[in-house]
Amino acid sequence: MIYLVQVDYSSFFSYNIVPIGLLNVGSALKNHGYDVTIVHCTEKDIENVTDNISKADPLWIGFSVMTGPQTLHSALLSMAIKDRCSAPIVWGGIHPSLLPEQCLQESYIDIVVVGEGEDTAVELTRRIESKQSLDGIAGIGYKTKSNGAWMPVINKERPFIQNLDDEKYRLDYSIIDVPRYFMQGKRGEYNRMFSYKASRGCAFNCGFCYNNLFNKRRWRAKSAESVIEDILYLKKEYGVDAIDFYDDEFYINRKRALKILRGIDIPSKTDIRIDMINDDMASQLQELKVFSILVGIESGSERILKLINKGISVEQIKEGVRIFARHNIRVVYSAIIGLPTETLQERYATIDLLLWIHNTHKEIVVTVGPYLPYPGSALYQWAKEHGFIPPATTEGWGNIDRWSKDLHLPWARKEYYYIREYMKFFNYNIPMLSAIAEMRLKHRFLKMPFDVTIVNIMYEQAMKQSTLGKIVRTFHKVVREI
């Protein structure tokens with residue numbers, strides 16, 4: 001038995017998203033005849049998960065890990081398991097792929113998988129099963145003893161999978177509890193929305209993104225036919241009524257993307273670069289039931305947009321917003337503040353752009369957060385030169401959390417947190433809150449943020465399945481419709 005584990009932060013909604021990396025690797029292992037158990041938990045489950053895994057005595061235990069709180073919580077669970085179980089602990093995913101040597105310095109990590117894990121996991125399993133050396137397995141790092149000390153060894157890279165349609169990579173949904181991952185979409189219109197990833201990587205060169213190193217700016221995709229087959233199966237077998245595509249860039253091949261949307265014939269959420277949108281494309285997206293789109297606009301400063309290699313201008317952003325508004329397409333606009341060297345004027349240029357978007361396009365959600373120096377991104381070295389000191393331990397990366405109000409970075413300011421919180425006011429669809437947010441942001445008045453405290457308390461109560469939570473949700477619905 002092989003256990004594959006993902007530990008999400010209980011305060012994040014990501015616990016409701018399919019653990020796509022584990023599903024990919026687990027399916028590959030099962031397709032080769034191995035028994036696999038997927039454990040998708042939060043930090044609150046560490047004690048129970050440790051007990052269950054230790055009793056099962058697996059062949060090895062694999063963790064899928066992203067940089068941030070997931071890194072800390074994966075470390076804590078790995079430590080707990082290591083104290084009670086002798087099975088090798090293997091870390092894979094974005095974080096160990098970008099920092100394999102540091103991960104291997106930890107006593108609770110035995111092996112790291114660098115890059116895609118499907119073929120590597122199968123070969124690794126065969127070696128562990130037969131108690132053979134790990135030497136020569138492409139795409140892993142491990143430890144070897146030298147002069148009495150354990151030293152990290154990083155093997156050669158494994159080439160990218162060239163044919164994602166190959167049967168040996170076919171997803172096996174029986175290894176996860178599919179209904180557990182059903183989400184609501186479009187304000188409750190869809191109750192069985194499911195996450196899916198139809199491609200890997202991105203061909204663009206944004207300086208803040210891990211893709212430059214992890215995927216080497218390569219974009220690879222399943223065929224439209226394969227994606228359609230998967231999703232039609234999910235519709236038939238589980239009653240899935242909407243799809244949330246988690247691709248880094250869904251529309252790189254526009255013809256393929258539109259073919260997928262026609263073939264699945266159910267509503268979907270996707271992402272798109274704003275310079276890819278025009279009136280014809282917007283019309284087709286409406287016709288093909290795309291009900292929400294994620295767009296990264298990043299900044300309202302021309303200098304910052306050039307600095308991060310975004311490849312778009314402020315005017316292109318505005319033209320894209322006008323197109324979305326004309327076609328009444330709901331868009332989630334994402335922006336970054338606090339890039340190193342960003343001036344106060346440039347920071348507020350971004351805020352002013354977001355306010356302009358709010359007044360131009362009514363069907364929107366806005367997210368804004370500080371720049372995070374992810375290892376492997378083009379700006380990572382530059383961030384270090386501007387005062388960022390990388391954590392000395394793997395678990396220390398757990399503090400690199402975009403949503404924390406106590407984020408400690410040389411360029412982070414307390415006002416970043418309040419800028420983000422007031423931007424969230426627009427997402428509640430309550431005119432009074434929107435007016436407060438616009439007044440505060442327009443006049444740069446972020447002092448005495450008592451309103452943020454009150455709204456956050458009410459939001460936390462609304463998320464609870466309690467009598468008070470039901471009252472708050474009812475109150476929100478009534479106020480929104482006034």
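Where does Met 448 lie, relative to helix 16 and helix 17? Met 448 sits in the loop that runs between the two, with helix 16 covering residues 431-442. Keep in mind as you look around that this is a predicted model.

Start with that loop residue. Met 448 has a relative accessibility of 57%, so it counts as exposed. Met 448 also has company: together with Met 439, Phe 445, Phe 450, Ile 454 and Met 458, it makes a nonpolar patch on the surface, about 590 Å² in area. Helix 17, spanning residues 450-462, gives the patch its largest share, with 3 residues.

Now move to helix 8, which takes in residues 224-238. Helix 8 has 15 residues, and going from its first C-alpha to its last you cover 21 Å, close to the 21 Å you'd expect at 1.5 Å a residue. Quite a few of its side chains are tucked away: Ala 224, Ser 226, Val 227, Ile 228, Asp 230, Ile 231, Leu 234 and Tyr 238 are buried. What do the buried residues of helix 8 pack against? Their partners are strand 9, strand 12 (242-245) and helix 9 (254-264). Step just past the end of helix 8 and you meet Gly 239, which takes a positive phi of about 70°.

Strand 9 deserves a visit of its own. It covers residues 190-196, and Ser 195 is part of it. Is Ser 195 buried or exposed? With a relative accessibility of 2%, Ser 195 counts as buried. If you set aside the neighbours within four places in sequence, Ser 195 is in contact with Ile 17, Val 18, Met 183, Asp 244 and Tyr 246. One of those contacts, Asp 244, brings you back to strand 12, since that strand is given as 242-245.

Finally, the cysteines. How many disulfides does the count come to? The answer is 0. Two cysteines show how that plays out. For Cys 41, the closest cysteine sulfur belongs to Cys 85 and is 15 Å away, which is too far for a bond. Cys 41 is also buried, as its relative accessible area is 2%. For Cys 202, the closest cysteine sulfur is in Cys 206, at 6.5 Å. That is still too far for a bond, because a disulfide needs the two sulfur atoms within 2.5 Å. Cys 202 has a relative accessibility of 12%, so it counts as buried too.

How values were computed: Residues numbered from 1 in each chain as written. Predicted model: local features only at pLDDT ≥ 70, side-chain atom pairs only at ≥ 80, totals over all residues. Heavy atoms only, no water. Helix = DSSP H or I, 4+ residues; strand = E, 2+ residues; numbered from the N terminus. Buried < 20%, exposed > 50% of the residue type's maximum accessible area, 1.4 Å probe, protein only. Contact = heavy atoms within 4.5 Å. Patch = residues over 30% accessible without salt bridge, like charges linked within 9 Å, V, L, I, M, F, W, Y side chains within 5 Å. Areas by Shrake-Rupley, 256 points an atom, 1.4 Å probe, with all protein chains shown as cover. Salt bridge = Lys/Arg side-chain N within 4 Å of Asp/Glu carboxyl O. Expected span 1.5 Å × (residues − 1).
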